[in-house]
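Biologist: Hello! I would like a close look at one part of this protein, the nonpolar patch on its surface. Could you walk me through that part and how it sits in the whole chain?

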Amino acid sequence: MGSTALIVAGIFFSAGLEAIDVMLRSGGVMAGGPDTLAEAYPGIPTWFIPEGPFGFIIAVVLVACGLYAAYIARKVERLA
């Protein structure tokens, strides 16, 4: 479940980056918004949230591994 939360957090924070970029461009403040979550949210630790395709792939693999481990645990529990 933790990896699923990371995927959802990554999606929400990515949407937040886009929203910041749109607001800054429409206000004429700067040409572009922050490129990374660390630039947009300097006070929040964001090192564990996936930002790019590689990070999302790793998070999905972790979710799959967790689901497989839960499946195996149920099988072992039935045998015992």
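Modeller: Happy to help; here is the patch, followed by the chain around it. Please keep in mind that this is a predicted model. The nonpolar surface patch is formed by Tyr 68, Tyr 71, Ile 72 and Val 76, which together have about 410 Å² of accessible area. Let us take Tyr 71 as our way in. This tyrosine lies in helix α3, which covers residues 53–79. Is Tyr 71 buried, exposed or partly exposed? Its relative accessibility is 46%, and because partly exposed covers the range between 20% and 50%, Tyr 71 belongs in that class.

How far can you trust this region? Confidence in the protein chain is highest in α3, with a mean of 84, whereas helix α2 (residues 37–40) has the lowest, with a mean of 71. For the chain, the mean pLDDT is 75, and 75% of the residues reach 70 or more. Where pLDDT is low, the predicted coordinates should not be read in detail.

Now for the setting. The protein chain has three helices and zero strands, so to speak an α-α-α order when you start from the N terminus. Of its 80 residues, 18% count as buried. The chain exposes about 5900 Å², and carbon and sulfur atoms supply 72% of that area. As for how the chain meets itself, take the contacts between residues at least 6 apart in sequence: 47% of them join residues at least 24 apart.

How values were computed. Residues are numbered from 1 along each chain as its sequence is written. This is a predicted model: local features need pLDDT of at least 70, side-chain atom pairs count only at pLDDT 80 or more; totals for chains, interfaces and linings use all residues. Side-chain values use heavy atoms; hydrogens and water are left out. Patches are made of residues with over 30% relative accessible area and no salt bridge: like charges are joined within 9 Å, nonpolar side chains (Val, Leu, Ile, Met, Phe, Trp, Tyr) within 5 Å. Accessible areas come from the Shrake-Rupley method with a 1.4 Å probe; for residues, only the protein chains shown count as cover. A salt bridge is a side-chain nitrogen of Lys or Arg within 4 Å of a carboxyl oxygen of Asp or Glu. Helices (H or I, at least four residues) and strands (E, at least two) are DSSP runs, numbered from the N terminus. Buried means under 20% relative accessible area, exposed over 50%, partly exposed in between (1.4 Å probe, protein chains only). pLDDT is the predictor's confidence in each residue, from 0 to 100. Contact means heavy atoms within 4.5 Å.
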